[in-house]
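Welcome! Take a moment to look over the sequence and the model, and then we will walk through the fold together, piece by piece.

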Amino acid sequence: MFSMLRKSGIKKSDYDFTDILALRQLLTKEKSRMLHVIKTENPKSIYDLAKKLERGFKSVNDDVKLLRRFGFVDLIKEKEKNRTRYKPEISVDVVTINIRV
């Protein structure tokens, strides 16, 4: 289903959706908006992304982790003085979905 995920070491059972509803729960309107903001506005950190989306840090962080698990987002570790931050970046440009009828 998600051929781009095979390269990340995730097992097929982790992303093989049994129905379209499960896929829609993964790619909600908010998560789609988040992917767009990451791609177009290039946030410096998850906190910066939360500010740009005008959402709470915890919910954005949870969504980023989920999108990372499924291979949509990478987190780039950056050190600045004594702080470490994770910059979200888009890891795919195109998603191909095959639906068996």
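## The chain as a whole

Of the contacts in the protein chain with a separation of 6 or more, 46% are between residues 24 or more positions apart. Keep in mind as you look around that this is a predicted model. The chain has five helices and two strands, and along the sequence these follow the pattern α-α-α-α-α-β-β.

How much of the protein chain is made up of buried residues? The share is 32% of the 101 residues. On the outside, the accessible surface comes to about 7300 Å², and 48% of that belongs to carbon and sulfur atoms.

## Helix α4 and what covers it

Let us begin with helix α4, which spans residues 46-53. Its buried residues are Ile 46, Asp 48, Leu 49, Ala 50 and Leu 53. Try to find Leu 49 and Leu 53 in the model: both are buried residues of α4. In an α-helix there are 3.6 residues a turn, so residues three or four places apart point the same way.

What covers the buried residues of α4? The cover includes helices α3 and α5 along with strands β1 and β2, the last of these being residues 83-90. Just after α4 comes Glu 54, which has a positive phi, near 55°.

## Where α4 meets α5

Helix α5 covers residues 57-69, and its axis comes within 9 Å of the axis of α4. The two axes cross at roughly 115°, so α4 and α5 are roughly perpendicular to each other. As for handedness, α4 passes α5 in a right-handed crossing.

Which residues of α4 and α5 meet? From α4 come Ile 46, Tyr 47, Leu 49, Ala 50 and Leu 53, and from α5 come Phe 57, Val 60, Asn 61 and Val 64. Sorted by class, this contact of α4 with α5 has eight nonpolar residues, one polar residue and no charged ones.

## Where α3 meets α4

Now step back along the chain to helix α3, residues 29-41. Helices α3 and α4 pack at an angle of about 110°, and their axes are 10 Å apart. That angle makes α3 roughly perpendicular to α4. The crossing of α3 and α4 is right-handed.

On the α3 side, the contact is made by Arg 33, Met 34, Val 37, Ile 38 and Glu 41, while α4 brings Leu 49, Lys 52 and Leu 53. The contact of α3 with α4 divides into five nonpolar, no polar and three charged residues.

## Where α3 meets α5, and a buried lysine

The axes of α3 and α5 come within 11 Å and cross at roughly 80°, which makes α3 roughly perpendicular to α5. Here Lys 31, Met 34 and Leu 35 of α3 meet Val 60, Asp 63, Val 64, Leu 66 and Leu 67 of α5. By class, the contact of α3 with α5 has six nonpolar, no polar and two charged residues.

Is Lys 31 buried or exposed? Lys 31 has 9% relative accessibility, so it counts as buried, because the cut-off for buried is under 20%. Leaving out residues up to four places away in sequence, Lys 31 touches Gln 25, Leu 26, Asp 63, Leu 66 and Leu 67.

## Glu 78 in strand β1

Next, find Glu 78 in strand β1, which runs through residues 73-80. Glu 78 is partly exposed, with a relative accessible area of 26%. Setting aside residues up to four places away in sequence, Glu 78 touches Lys 44, Arg 83, Thr 84, Arg 85 and Lys 87.

How far apart are Glu 78 and Lys 44 in space? From C-alpha to C-alpha they are 9.3 Å apart, while 34 residues separate them in sequence.

## Two loop residues with positive phi

Finally, let us visit two loops. Most residues other than glycine have a negative phi. Asn 42 is not a glycine, yet it has a positive phi of about 50°. Asn 42 lies in the loop between α3 and α4 and is partly exposed, with a relative accessible area of 45%.

Lys 81, likewise not a glycine, has a positive phi of about 55°. Where is Lys 81 found? Look in the loop between β1 and β2. Lys 81 is exposed, with a relative accessible area of 84%.

Terms used. Residues numbered from 1 in each chain as written. Predicted model: local features only at pLDDT ≥ 70, side-chain atom pairs only at ≥ 80, totals over all residues. Heavy atoms only, no water. Axes fitted to C-alpha atoms, helices over the stretch in contact; angles between N-to-C directions. Helix = DSSP H or I, 4+ residues; strand = E, 2+ residues; numbered from the N terminus. Parallel < 35°, antiparallel > 145°, perpendicular 65-115°, else oblique. Left-handed = near helix turned anticlockwise from the far one by under 90°. Contact = heavy atoms within 4.5 Å. Nonpolar A, V, L, I, M, F, W, Y, C, P; charged D, E, K, R; others polar. Buried < 20%, exposed > 50% of the residue type's maximum accessible area, 1.4 Å probe, protein only. Areas by Shrake-Rupley, 256 points an atom, 1.4 Å probe, with all protein chains shown as cover.
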